[in-house]
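Hi everyone, thanks for coming. Have a look at the structure on the screen, and I'll talk you through a few parts of it.

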Amino acid sequence: MDTVNIRLILIAVLACTVILLSAIVLFQRRKRVTGRRSRYIEALYALIEGRKEDAYSLLTSAVRNGETDIDAYIQLGNLMREKGQSEKALQLHRGLTVRRDLTFEDEKAVQLAIAEDLASLGRIERAVAALETVRKKRKDADVLATLHKLYHVQGDYENSYSALRDLSRIDDSVTPLMRSSYLTSVACSLIETGDIDRAGKYLDKARKEDGTCPGALYFSAGLAMDRGDLDRAAIMWEDLLSIDMGYFPEVATRLEKALFESGRFDELEGILSRLLLKYPSDSLLLSSLAGFYAKKGEISRGIDLLEGERGRMSDNSTLSVSLASLYIKSGRTDEALSVLEENNMIPSASGSWKCSDCGEVYETSLGFCRACCSFDSIQKNETIQ
């Protein structure tokens, strides 16, 4: 074999060796990168599956091994906060602010995390300041929603409402009814503390936002009645009932009182009749109208009204008891006893309203949870008596 062939063979071997070594180095680098990255990805899966302790360990490992994704640090800090290590979480999240390559979304995520850390430490004002810095750059839904909650917790209702109003301009799901419900909840809080004048102003705002908000009408009518404006109260009571008959058991007696004390008791018949047009055969309305006739001395008219619903009385205690009562008043005790015996008495239901998100209980449906600032989470919690 001549010298030239030997040189070619050596060159070929050397080239193969270089290529093999390069491949090994590249593979090892990719393996290390993939290993680091997989810990973060595994942590995300663990979070999705609710395995927070596993996620915490994986994220800690990923960060220590040089994970570059900013979300890994944010998620780790959030888990620290949940474990009661808010100060450590704050330090970790603040460390991210010095990065030069932050996009707006990155900065927003970091500042939201910092705000949560500060809020958990009771530093609400500083949490608000952190998010207001982001708000000045861009109106963002997540930032505005968090500011709304923080201002509310702080008791700064005006700025909380301002953030909610700005949020509704970029998020169609935040409706005028939601804004009205929020203002109503503020008014309710002020009524509880005795700040009636201020509560009235918030209720005025609430009705301007949405005149059909049941809570706003309910409290507005109550305030009008307390102030002696009985005509206004009666109008609002009727408006409320035309929107939500769920308020009727409580409103009925107050409406009747307002009309009686203002010398307009006869108008109750027209109001109940108009409501019956909207809610045909409603047992509470029928019973109230029959009771109205009885108070006017027209017992037989009330009996005729209820006897027309006799076929429904087997499963309706309200109608049965009302008719039996009128029979007794007219001296027809045997017929009263017959009605009660032939119809199964259904226990009455009463209830409160409960937030499905945080469990807070309310006596009246406001449409907004003052405890956790959730909308559309208030559900009726009925109990049988």
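I'll start with the whole chain, then go to the cores, then to one pair of helices.

So, this is a predicted model: local features need pLDDT of at least 70, side-chain atom pairs count only at pLDDT 80 or more, and totals for chains, interfaces and linings use all residues. Residues are numbered from 1 along each chain as its sequence is written, and side-chain values use heavy atoms, leaving out hydrogens and water.

The protein chain has 18 helices and 3 strands (DSSP runs, H or I of at least four residues for helices, E of at least two for strands, numbered from the N terminus). Of its 385 residues, 42% are buried, meaning under 20% relative accessible area with a 1.4 Å probe, protein chains only.

Now the cores. A nonpolar core is a set of buried Ala, Val, Leu, Ile, Met, Phe, Trp, Tyr and Cys residues joined through side-chain atoms within 4.5 Å. The largest one here has 68 residues, and Trp237 and Leu306 are among those with the most contacts inside it. Helix H11 (residues 214-226) gives the largest share, 8 residues. Apart from that core lies another of 35 residues, including Tyr73 and Leu76.

Those two residues turn up again in our helix pair. Tyr73 and Leu76 in H3 are among the residues that meet H2, where Tyr56 and Leu59 are among the partners (contact means heavy atoms within 4.5 Å). How is the crossing of H2 and H3 handed, left or right? It's left-handed, that is, the near helix is turned anticlockwise from the far one by less than a right angle.

Notes:
Buried means under 20% relative accessible area, exposed over 50%, partly exposed in between (1.4 Å probe, protein chains only).
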